[in-house]
Amino acid sequence: MGFVVIFRSRRALVLGVIGGLFLVMAVAIGGVSPALIPDAIAQRVADVPAYFGVGIEVVVSQPVTDENFSVIERLAHLIAALRMWESHPWVGVGPGNYAVVYPDVRLPRWEDALGHAHNVYLNILAESGLVGLAAYVMFWTLTVVWLWRSIRAAPGDSWEAALRIGVMGVLVHLTVHNFFDNLYVQGMYLHVALWLAACDSPRSTVIQRDKLLCTSGVEG
């Protein structure tokens with residue numbers, strides 16, 4: 001949402017940068033004086049520093065509680081993905097085989113494979129190796145570049161520009177959120193494909209068709 005709002009106009013970009021600076025200052029002040037942070041936020045992040053400077057193997061060996069269950073569970077599945085990749089570094093264990101291979105690489109207390117590694121990039125690395133991850137990163141980068149160019153080519157106050165900025169916001173969200181989970185479930189990838197297809201402006205398609213008809217001597 002922040003990306004969509006900030007890049008909607010130059011004024012929004014300036015205001016967004018100013019707001020970001022204030023946010024950084026607020027976090028810095030809160031780090032010096034924790035009492036200035038609202039209690040709800042302070043409780044939410046209170047246990048985060050405990051995970052810094054500690055090895056991943058140490059974290060997953062801790063007793064599981066209601067508070068740390070989600071963190072340790074994710075780390076256990078990340079370790080399983082890394083073990084799969086180590087066994088087949090170039091081409092992985094095969095697309096869709098994370099759950100199949102999981103019993104051979106899992107940690108003792110975590111029997112349920114859950115179907116993915118809670119991280120799209122590590123999941124691709126485990127299933128498709130370095131070759132697959134490189135292909136995914138290249139595809140994603142080219143998609144972002146293409147969409148950014150189409151945003152700049154569209155009139156600033158048009159619905160085409162608004163649509164493309166919104167879809168770019170979707171890509172930004174997927175890029176970040178997929179570091180902590182796998183959002184390509186329940187047909188989500190089909191939604192992404194349809195959004196990208198919608199960014200191919202029908203107006204541009206009509207113009208190109210009319211040009212083709214005129215150059216070929218066919219009356220449109």
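Let's start with His118: is this residue buried or exposed? His118 counts as buried, because its relative accessibility is 9%, and the cut-off for buried is under 20%. Keep in mind that everything I show you today comes from a predicted model.

So where does His118 sit? You'll find His118 in the loop between H6 and H7. Its backbone deserves a look too: phi of His118 is positive, about 60 degrees, although the residue is not a glycine. And which residues does His118 touch, once we leave aside its neighbours within four places in sequence? There are Glu73, Arg74 and His77, and then Phe179, Phe180, Asp181 and Asn182.

That loop between H6 and H7 also holds Leu114. Leu114 is another residue other than glycine with a positive phi, near 65 degrees. How covered is Leu114? With a relative accessible area of 34%, Leu114 is partly exposed, because that class lies between the 20% and 50% limits.

Now let's follow one of those contacts across to His77. His77 belongs to helix H5, and His77 is buried, with a relative accessible area of 1%. Which residues surround His77, beyond four places in sequence? Among them are Tyr98 and Tyr102, and also Asp112, Ala113, Leu114, His116, Ala117 and His118. Ala113 is worth pausing on: its backbone oxygen lies 3.3 Å from a polar atom of the His77 side chain.

Tyr98 and Tyr102 take us to helix H6. Which residues of H6 are buried? They are Tyr98, Val101, Tyr102 and Val105. If you look down the axis of H6, these buried residues fall within an arc of 130 degrees, so they line one face of the helix. Turn to the other side of H6, and you meet Val100, Pro103 and Asp104, which are exposed. What covers the buried residues of H6? The cover includes H5 and H7.

Next, the nonpolar core. As a general point, nonpolar side chains in soluble globular proteins tend to be buried together. Here, the largest nonpolar core has 38 residues, and the members that touch the most others are Met84, Tyr98 and Tyr102. Which helices supply at least two residues each? Those are H5, H6, H7, H8 and H9, covering 69-87, 98-105, 120-153, 159-177 and 188-198 in that order. H7 gives the most to this core, with eleven residues.

Let's zoom in on Met84. Not counting residues up to four places away in sequence, Met84 touches Val93 and Ala126, plus Tyr98, Val101, Tyr102 and Val105. Do you recognise those last four names? They are the buried residues of H6 that we just met.

One more stop in H7: Ser150 lies in that helix. Ser150 is buried, with a relative accessible area of 11%. How far is Ser150 from Cys199 in sequence and in space? The two are 49 residues apart in sequence, while their C-alpha atoms are 8.0 Å apart.

Now let's step back and look at the chain as a whole. How many helices and strands does the protein chain have? There are ten helices and zero strands. Of the 220 residues, 30% count as buried. Take the contacts between residues at least 6 apart in sequence: 62% of them join residues at least 24 apart. The accessible surface of the chain comes to about 14500 Å², and 69% of that belongs to carbon and sulfur atoms.

Finally, how confident is the predictor? The mean pLDDT of the chain is 83, and 79% of the residues reach 70 or more. Where does pLDDT stay under 50? That happens over residues 205-209, and the model has one contact beyond four places in sequence for this stretch.

To wrap up, go back to His118 on your screen, in the loop between H6 and H7. From there, step to His77, and then on to Tyr98 and Tyr102. Those two tyrosines are, with Met84, the members that touch the most others in the largest nonpolar core. Thanks for listening!

Key
Residues numbered from 1 in each chain as written. Predicted model: local features only at pLDDT ≥ 70, side-chain atom pairs only at ≥ 80, totals over all residues. Heavy atoms only, no water. Core = buried A, V, L, I, M, F, W, Y, C linked by side-chain atoms within 4.5 Å. Buried < 20%, exposed > 50% of the residue type's maximum accessible area, 1.4 Å probe, protein only. Helix = DSSP H or I, 4+ residues; strand = E, 2+ residues; numbered from the N terminus. Contact = heavy atoms within 4.5 Å. Areas by Shrake-Rupley, 256 points an atom, 1.4 Å probe, with all protein chains shown as cover. pLDDT = per-residue confidence, 0-100. Polar contact = N/O pair within 3.5 Å; in protein donor to acceptor, adjacent residues only side chain to side chain. Arc of directions from axis to C-beta.
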